[in-house]
Amino acid sequence: MDRIPILRMGEFLLVTIQVDMHDQLALKLQDDLSNAIQRNASRGVLIDISTLEMVDSFIGRMVADISGMARILGAESVLVGMQPAVAITLVELGLSLPGVSTALDVERGMALLRRKIAGVDSDVATIAG
Amino acid sequence: MSQPSQGEAPLRSEKDIVLARQLVRRLTQDLAFSLVDQTKMVTAASELARNALIYGRGGTMYWELVQRDSFRGLKLLFADEGPGIPDIDLAMKDGWTSGNGLGMGLSGARRLVNDFELDSRVGAGTRVSITRWK
């Protein structure tokens with residue numbers, strides 16, 4: 001069965017979605033990713049959709065779900081590389097992906113992930129006093 | 001030999017949704033739609049194909065290259081013989097869903113195209129037709 005590869009880079013996970021996903025593949029990714037976060041105690045997830053030519057409400061929901069699920073497992077996530085035509089279509093479709101952090105490309109996404117994690121760590125330090 | 005100006009594609013499995021998207025992408029490219037317009041039509045088709053599969057228990061996508069005055073466009077008809085939609089006004093509302101989707105399928109698809117027609121009868125199935133003009 002098809003599978004979207006999940007790469008581990010230190011405390012981050014990198015997912016590059018390069019195929020026109022059918023729904024089961026999207027669900028499988030959700031499953032695989034939550035397991036990978038737990039197994040590697042990952043702090044951050046970067047999802048690269050720069051080759052995706054379309055995001056419909058199903059894929060949009062999957063992305064939002066992954067982001068929420070990662071947060072519950074203690075990982076931050078950032079969606080990177082959305083094509084302009086996809087962004088325009090998503091907003092018109094009525095999906096603005098609330099709660100999902102985004103960045104233009106992998107580099108900026110990685111920087112954002114680091115800042116987010118540093119933010120979480122300093123909050124924890126404050127509470128722990 | 002000229003290209004066919006109409007055709008159909010089955011919507012019986014998730015794979016068919018992907019194939020329908022690819023077909024619509026190719027047709028809109030042949031019509032020289034802009035990238036944004038291609039993406040809107042492909043996304044609308046994806047939503048309606050999934051509706052036909054999940055709520056309509058499978059169906060067919062019929063496509064046709066259409067012309068009005070000097071405008072060319074693509075018309076898609078999604079037909080299923082499923083249970084039909086009891087309350088169309090409710091189904092067209094943003095955020096309303098009878099399944100486990102986001103409820104953006106019908107209302108969202110309507111916003112992505114120029115013409116949208118929905119005909120549904122309880123027990124007889126649902127037909128949604130959309131057209132996007134270049």
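These are my notebook entries on chain A and on how it touches chain B.

Entry 1, ground rules. I am working with a predicted model, in which local features need pLDDT of at least 70, side-chain atom pairs count only at pLDDT 80 or more, and totals for chains, interfaces and linings use all residues. Residues are numbered from 1 along each chain as its sequence is written, while chains are lettered from A and ligands numbered from 1 in the order in which they are written.

Entry 2, chain A. I looked up the secondary structure and found 4 helices and 5 strands, taken as DSSP runs numbered from the N terminus (helices H or I, at least four residues; strands E, at least two). Along the sequence, chain A reads β-β-α-β-α-β-α-β-α. I also noted that the C-alpha trace of chain A spans about 45 × 35 × 25 Å along its principal axes.

Entry 3, the contact between chains. I found that 18 residues from chain A and 24 residues from chain B take part, two residues being in contact if their C-beta atoms, placed from the backbone, lie within 7 Å. On the side of chain A that touches chain B, the largest share, 6 residues, comes from α3(A).

Entry 4, one helix pair. I saw that α3 of chain A (residues 84-93) and α2 of chain B (residues 35-54) pack at an angle of about 45 degrees with their axes 9 Å apart, the axes being lines fitted to C-alpha atoms, for helices over the stretch in contact, and angles running from 0 to 180 degrees between N-to-C directions. Among the residues making this contact are I88(A) and L93(A) of α3(A), and V36(B) and T43(B) of α2(B).
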